[in-house]
Amino acid sequence: MARVFNFNAGPAAMPLPSLEQARDELIDFQGTGMSIVEHSHRGKEYEAVHNEAISLVRELLGVPDSYDILWLQGGASLQFAMVPMNFLLPGKSADYVVTGGWSEKALSEAKILGQTRVACTTVVEGRYTRIPTQAELNLDPNAAYVHITSNNTLFGTQWQTFPDTGSVPLVADMSSDLLWRKFDVTRFGLIYAGAQKNIGPSGVAVVIVRKDLVAAERKDIPKILRYKTHADNNSLYNTPPTFSVYLARNVLRWLRDQGGLAAMEKTNRQKGHVIYQAIDARSNFYSCPVEAASRSFMNVVFRLPTEALEEKFVKEAKAAKLVGLKGHRSVGGIRASIYNAVSLEAVTALATFMDAFAKANG
Ligand code: PMP
């Protein structure tokens, strides 16, 4: 079988065992004579998968019972709108910390719906190369919430420690780094993530939300857009994306079997160090625009001396079975996305390729 080393930013590499399980069960799910995608979402077979996926998120992240865990459609982009729709009550304002293109998008949706403030932006000439310090945040103590993007998929920056927002609920878009390591969920009012990077395929987003916030949310919006609707119905208010949840369940099982998030963090840090070392060891050829303390362990971005060399790099890497390395069209350069399912072996192969490419072209 010719599987390549996949560095795509999302949809991204999935753990092979979770795909193999899906292949083996696709036509006949657990002796039921039909596929999981043919089962009713109200039947006991699907419900068991759905609930196991929720329990695994709870177990892996240590989510207390005071939080609901939801599977929602519409991707992280719908959460850009649902968060302010539900929590930005009239007369209130929300704080946004802007650290990249996705934070900009989250802010622009909130602006349509209510009053917002930029508590900090790290933009310089359209680019973002760092995460702000706590001292740089100009926080409104009366804000409805503070929104951050925990990992900036385009620019390769990541919050290493989360900001202190006092009693104001912290809301985080963790689309590109949820489950890369364990953290204290109780620091957050709401966490959301599109699944298609670290959790599973596209088509579903996970939302972890404090129950007391759900109880206090706005009531004059369409039912389908209220967190309460989905919380009250265990994310089965309408037909969920059953295949996406099933595949996410397989990935979550794999994460548990790897030793959980402590083991994942160890490997992820090793992987990050291997690539950043490959960049720094040949700093006359490769350069990482991101400040050292803000470097992401999920999306590593770097530049070569010229765009022509970057193009050659992507092409030759692909021929060497290292795929998906072209930077986002808005940023350029090279981006290696090294989510949980990207192995240390894949990352080491990339570092070896980088070294040889620099020697041949430097
Ligand atoms: N937030 C972040 C940090 C992302 O990386 C992405 C997708 N790359 C999104 C939001 C948008 O996600 P979706 O396509 O699921 O709406």
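A polar contact is a pair of N or O atoms within 3.5 Å; within protein, one must be able to donate a hydrogen and the other to accept it, and residues adjacent in sequence count only if both atoms are side-chain atoms. This model is predicted, so local features need pLDDT of at least 70 and side-chain atom pairs count only at pLDDT 80 or more, while totals for chains, interfaces and linings use all residues. Residues are numbered from 1 along each chain as its sequence is written, and side-chain values use heavy atoms, with hydrogens and water left out.

**Exercise 1.** Find which residues make polar contacts with the ligand through their side chains.

*Solution.*
- Step 1: begin with the 13 residues around the ligand, where near means a heavy atom within 4 Å; S77, T153, D173, Q196 and K197 come nearest.
- Step 2: look at the ligand's nitrogen atoms. One is 2.9 Å from an N or O atom in the side chain of K197, and a polar side-chain atom of D173 is 2.6 Å from a nitrogen atom of the ligand.
- Step 3: turn to oxygen. The side chain of S77 has an N or O atom 2.6 Å from an oxygen atom of the ligand.

**Exercise 2.** Describe the shell around the ligand by residue type and by helix.

*Solution.*
- Step 1: sort the residues into three nonpolar, eight polar and two charged. Here Ala, Val, Leu, Ile, Met, Phe, Trp, Tyr, Cys and Pro count as nonpolar, Asp, Glu, Lys and Arg as charged, and the others, Gly among them, as polar.
- Step 2: find the largest share, four residues, in helix α3 (residues 75–87); helices (H or I, at least four residues) and strands (E, at least two) are DSSP runs, numbered from the N terminus.

**Exercise 3.** Locate T116 and list what it touches.

*Solution.*
- Step 1: go to strand β4 (residues 115–121), which holds T116.
- Step 2: leave out residues up to four places away in sequence; T116 then contacts (heavy atoms within 4.5 Å) L88, S93, A94, Y96, L107, A110 and K111.

**Exercise 4.** Find the cis peptide bond.

*Solution.*
- Step 1: check G10 and P11, which this bond joins with omega about -5 degrees.
- Step 2: place P11 in the loop between β1 (5–6) and α1 (16–25).
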